[in-house]
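Thank you all for making time this morning. I would like to walk you through one structure slowly, so please have the sequence and the model open in front of you while I talk.

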Amino acid sequence: QVQLVESGGGLVQPGGSLRLSCAASGSIFSIYSLGWYRQAPGKQRDLVAVITSSGSTNYADSVKGRFTISRDNAKNTVYLQMNSLKPEDTAVYYCNRALAPNNTPFGSWGQGTQVTVSS
């Protein structure tokens, strides 16, 4: 059973930055693709970024050039560096394993971490 704990969210002004972390336990972390997903109020949960076991990355169009996903397999942790934040980035952010070919999230969700972008 994989357990996921997200952290690093908070309140930030437009144009600011945050770095999210997701610590995983209970499984063989390094073999999975991992994704960051987000859910804004009243909206579905969408994929933001994904990183494969080999380190290849892909991003939603809305965050390309602003967000960077990375992973540290030794620490069983995946990160999301978010720069040039916009109010529309406000959401609860979650991580999870991502299954090919559509990066469908797999397994239980953690509690998420709230990101609020507001002046």
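Let me begin with a sheet in this predicted model, an open one formed by four strands in the order β1-β3-β8-β7, with antiparallel pairing. The two edges are taken by β1, residues 3–7, and β7, residues 67–72, and because each of these has a single partner strand, one side of each is left without a neighbour in the sheet. If you compare the directions of neighbouring strands here, ignoring which way they run, you find that they are turned by 15 degrees against each other on average.

Now let us go to the edge strand β7 and its partner β8, which covers residues 77–82; the two run antiparallel and are joined by six bridges. You can follow the register residue by residue: Ile-69 has Leu-80 in β8 as its bridge partner, Ser-70 is matched with Tyr-79, and Arg-71 is matched with Val-78. In a regular strand, the side chains alternate between the two faces of the sheet. This is what β7 shows, since Phe-67, Ile-69 and Arg-71 point to one face and are buried, whereas Thr-68, Ser-70 and Asp-72 point to the other face and are not buried. Between β7 and β8 the hairpin has four residues, and Asn-76 in this hairpin takes a positive phi near 50 degrees.

How many of the six residues of β8 are buried? The count is five, so that β8 can be described as mostly covered. On the β3 side, β8 pairs in the antiparallel sense with β3, residues 18–25, again over six bridges. Here Leu-20 has Leu-80 as its bridge partner in β8, and you will remember that Leu-80 is also the bridge partner of Ile-69.

Strand β3 brings me to the cysteines, where Cys-22 and Cys-95 form a disulfide with their sulfur atoms 1.7 Å apart. This pair links distant parts of the chain, with Cys-22 in β3 and Cys-95 in β9, residues 91–99, which puts the two cysteines 73 residues apart. Both Cys-22 and Cys-95 are buried, and the count of disulfides comes to one.

Is Trp-36 buried or exposed? This tryptophan lies in strand β4, residues 34–39, and it counts as buried because its relative accessible area is 0%, under the 20% limit. Its C-alpha atom is separated by 9.0 Å from that of Ile-51, a residue 15 positions away along the chain.

Let me turn to the loops and their backbone. Most residues other than glycine have a negative phi, and most peptide bonds are trans. Against that background, please look at Ser-84, in the loop between β8 and β9, which has a positive phi of about 50 degrees although it is not a glycine. With a relative accessibility of 41%, Ser-84 counts as partly exposed. In the loop between β9 and β10 we find Asn-103, which likewise is not a glycine and has a positive phi, of about 60 degrees; Asn-103, however, is buried, with a relative accessible area of 18%. That loop between β9 and β10, the latter being residues 104–106, also holds Pro-101, and the peptide bond from Ala-100 to Pro-101 is cis, with omega near 5 degrees.

My last topic is the largest pocket, which has a volume of about 180 Å³. Its lining is made up of 14 residues, and those that lie nearest its centre are Arg-38, Ala-40, Lys-43, Asp-46 and Glu-88. Which strand gives the largest share of this lining? The answer is β5, residues 45–51, which contributes three residues. Sorted by class, the lining has six nonpolar, three polar and five charged residues.

Note on methods: Residues are numbered from 1 along each chain as its sequence is written. This is a predicted model: local features need pLDDT of at least 70, side-chain atom pairs count only at pLDDT 80 or more; totals for chains, interfaces and linings use all residues. Side-chain values use heavy atoms; hydrogens and water are left out. On a 1 Å grid over the protein atoms alone, a cavity is a set of points where a 1.4 Å probe fits but cannot get out, and a pocket is an open set with protein on both sides within 12 Å along at least five of seven lines; lining residues have an atom within 4 Å of a point. Grid points are joined across faces, edges and corners, and a volume is the space filled by probe spheres set on the points. Ala, Val, Leu, Ile, Met, Phe, Trp, Tyr, Cys and Pro count as nonpolar, Asp, Glu, Lys and Arg as charged, and the others, Gly among them, as polar. Two strands pair if DSSP finds at least two bridges between them. Axes are lines fitted to C-alpha atoms, for helices over the stretch in contact, and angles run from 0 to 180 degrees between N-to-C directions. Buried means under 20% relative accessible area, exposed over 50%, partly exposed in between (1.4 Å probe, protein chains only). A disulfide is a pair of cysteine sulfur atoms within 2.5 Å.
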